[in-house]
Amino acid sequence: MTPVVGSGGDRPIVRTDGDPPVPRSASVAVGTMLILGVFTSLAGTLVLGERFNGAGAVAAAGDHQSRVMTSAVLQLVTAAGAVGIALGFHALLRSHCPTLAVGAVAFRGVEAVFAAGSAFALVALVVLAQLPSGSVEQPGIASLGLVVTSLRDASHFGFGVVFYGFGALLTYVALLKSRLLPRALVVWGVIGVVLIFCTALLGLSDGPPYAIDGWRTVLAAPIALQELVMAVWLISRGPSSSPAVAASTD
């Protein structure tokens with residue numbers, strides 16, 4: 001059995017089951033990106049405040065341009081973070097479950113596309129709001145604003161979350177198989193992903209505005225909390241140095 005190498009600084013965590021060392025810096029990077037991802041996702045929604053939907057979406061965007069643009073920037077950061085998190089987990093898991101790790105990157109990449117599309121939809125509302133005075137109130141512009149907001153909500157709260165769910169589930173299955181993290185923490189993540197996945201499907205089936213609000217936020221809370229706890233674990237302790245360590249923390 002290979003002894004465990006100290007995990008301070010950038011020294012690798014040497015596993016005792018014959019697998020290659022796990023870079024300590026990789027786990028810190030993933031944990032940091034998880035925290036930033038939760039923050040930017042929540043902040044993007046909170047900054048936007050009221051949902052910009054319905055026939056008055058364009059006029060509302062014109063009245064709150066700074067909020068809309070700030071939310072769009074935060075959503076773009078969230079989109080980039082989704083890919084970064086998937087790539088970070090890929091670095092941790094590629095020697096254990098390479099197929100699952102690659103699949104997670106692919107699904108999170110699609111999620112990022114939908115998140116970016118949601119951000120650009122907000123920008124489109126601001127652009128429409130810049131039309132000459134009186135144009136915004138015209139039925140054609142109002143209808144276009146309604147279409148844009150519906151597409152934005154479906155991308156942000158619906159399809160983006162669905163692909164997040166697929167990618168996250170693959171990651172958690174890989175974590176279960178590799179035993180890099182405590183089983184209880186990973187199972188918590190699986191439950192949280194299933195809950196928010198079902199929430200997104202319910203929103204899509206109900207039709208516009210496709211939002212995760214009201215009682216549905218309760219179903220979204222477990223995965224947000226789990227990702228924060230997992231992030232702290234990855235930053236402070238890193239992946240388990242051996243399967244026995246993970247099993248002992250169940």
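**Questions on the classification of residues and contacts**

Reader: What makes Phe159 count as partly exposed?

Author: Phe159 has a relative accessibility of 38%, and the class lies between buried (under 20% relative accessible area) and exposed (over 50%), with a 1.4 Å probe and protein chains only. Phe159 therefore counts as partly exposed. The model is a predicted one, in which local features need pLDDT of at least 70 and side-chain atom pairs count only at pLDDT 80 or more, while totals for chains, interfaces and linings use all residues. Residues are numbered from 1 along each chain as its sequence is written, and side-chain values use heavy atoms, with hydrogens and water left out.

Reader: Why is Phe114 placed in its accessibility class?

Author: The relative accessible area of Phe114 is 23%, so this residue is partly exposed.

Reader: How many aromatic pairs does the structure hold, and what makes Phe114 and Phe159 a stacked one?

Author: There are six aromatic pairs. The ring centres of Phe114 and Phe159 are 5.6 Å apart with 25° between the planes; rings of Phe, Tyr and Trp (its six-membered ring) pair if their centres lie within 6.5 Å, and planes under 30 degrees apart count as stacked, over 60 as edge-to-face and the rest as tilted. Both conditions are met, and the pair is therefore stacked. Phe114 belongs to helix 4 and Phe159 to helix 5 (residues 139-178), so the pair ties together parts 45 residues apart in sequence; helices are DSSP runs of H or I with at least four residues, numbered from the N terminus.

Reader: Why is the pair of Phe166 and Phe197 called edge-to-face?

Author: Here the centres are 5.3 Å apart and the planes stand at 65°, so the edge-to-face label applies. Phe166 lies in helix 5 and Phe197 in helix 6 (residues 183-206), and the pair ties together parts 31 residues apart in sequence. Phe166, at 35%, is partly exposed, whereas Phe197, at 17%, counts as buried. Phe166 and Phe197 belong to one aromatic cluster, together with Phe107, Phe114, Phe159 and Phe163.

Reader: How do you know that Glu111 and Arg108 form a salt bridge?

Author: Their closest N and O atoms are 2.3 Å apart, and the rule asks for a side-chain nitrogen of Lys or Arg within 4 Å of a carboxyl oxygen of Asp or Glu. The contact therefore qualifies. Glu111 and Arg108 are three residues apart in helix 4 (residues 98-129), which means a separation of about one helical turn. Glu111 is buried at 12%, and Arg108 is buried at 9%.

Reader: How many salt bridges does the rule give?

Author: The count is two. Asp153 also bonds in this way with Arg152, the closest N and O atoms being 3.1 Å apart, and both residues are buried.

Reader: How do you know that the length of helix 7 agrees with the expected span?

Author: The expected span is 1.5 Å times one less than the number of residues. For the 21 residues of helix 7 this gives 30 Å; the end C-alpha atoms are 32 Å apart, which agrees. Helix 7 has buried residues, among them Ile223, Met230 and Trp233, and Leu228, also in helix 7, is partly exposed at 33%. After helix 7 comes Gly238, with a positive phi near 75°.

Reader: How many disulfides does the search find?

Author: The search of the whole structure finds zero, a disulfide being a pair of cysteine sulfur atoms within 2.5 Å. Cys97 is buried at 8%, while Cys198 is partly exposed at 38%.

Definitions and conventions. Helix = DSSP H or I, 4+ residues; strand = E, 2+ residues; numbered from the N terminus.
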